Amino acid sequence: MKKTHLIVHHSATQDGETFSWGAIRNFHIKDRGWRDIGYHIGTEKIGDAYWDVLGRPFDDHGAHCPDGGMNVHGIGWCIVGNFDIVAPSPDLLAHCVKTAAHLCRLFKIPVEHVLGH
């Protein structure tokens, strides 16, 4: 199924200096009972750099946003951090703009289909 949207989430957890993606995957599998992490891609700071890490395969349905069928039609992207408490840094925002632009080009997603959840 063609992906038509990019759905941006935050983990609502503090990003530390260590890799958190495995903990998110374990939470989704062990606590939620899902077969894998709900997101297709994640971004987090590891050491002094931001990294994009893969989750579910892009051709698989996600488990990140049932609203409007976005688990089927949307790429789920989770940025590690709690942006309800602390705004994303300028460095993180710059990294995310590049990642979003790349994903939109790759999947031919119009910018107006990049949505927060």
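1. Let's start with a term: a residue is buried if its relative accessible area is under 20%, exposed if over 50%, and partly exposed in between (1.4 Å probe, protein chains only). Keep in mind that this is a predicted model, where local features need pLDDT of at least 70, side-chain atom pairs count only at pLDDT 80 or more, and totals for chains, interfaces and linings use all residues. Residues are numbered from 1 along each chain as its sequence is written, and side-chain values use heavy atoms, leaving out hydrogens and water.

2. Look at β4 (strands, E, at least two residues, and helices, H or I, at least four, are DSSP runs numbered from the N terminus). On one side Gly 74, Gly 76 and Cys 78 are buried, and on the other so are Ile 75, Trp 77 and Ile 79. Side chains in a regular strand alternate between the two faces of the sheet. With 6 of its 6 residues buried, β4 is therefore largely enclosed by the rest of the structure.

3. Who pairs with β4? Strand β1 (residues 5-10) does, in the parallel sense over 6 bridges; pairing needs at least two DSSP bridges between two strands. Strand β2 (residues 41-46) also runs parallel to β4, joined by 3 bridges. Trp 77 is the bridge partner of Val 8 and stands opposite Ile 41.

4. Now the largest nonpolar core (buried Ala, Val, Leu, Ile, Met, Phe, Trp, Tyr and Cys joined through side-chain atoms within 4.5 Å). This core has 12 residues, including Leu 6, Ile 41, Trp 77 and Phe 107. Both β4 (74-79) and α3 (90-107) give two or more residues, and α3 gives the most, with 6.
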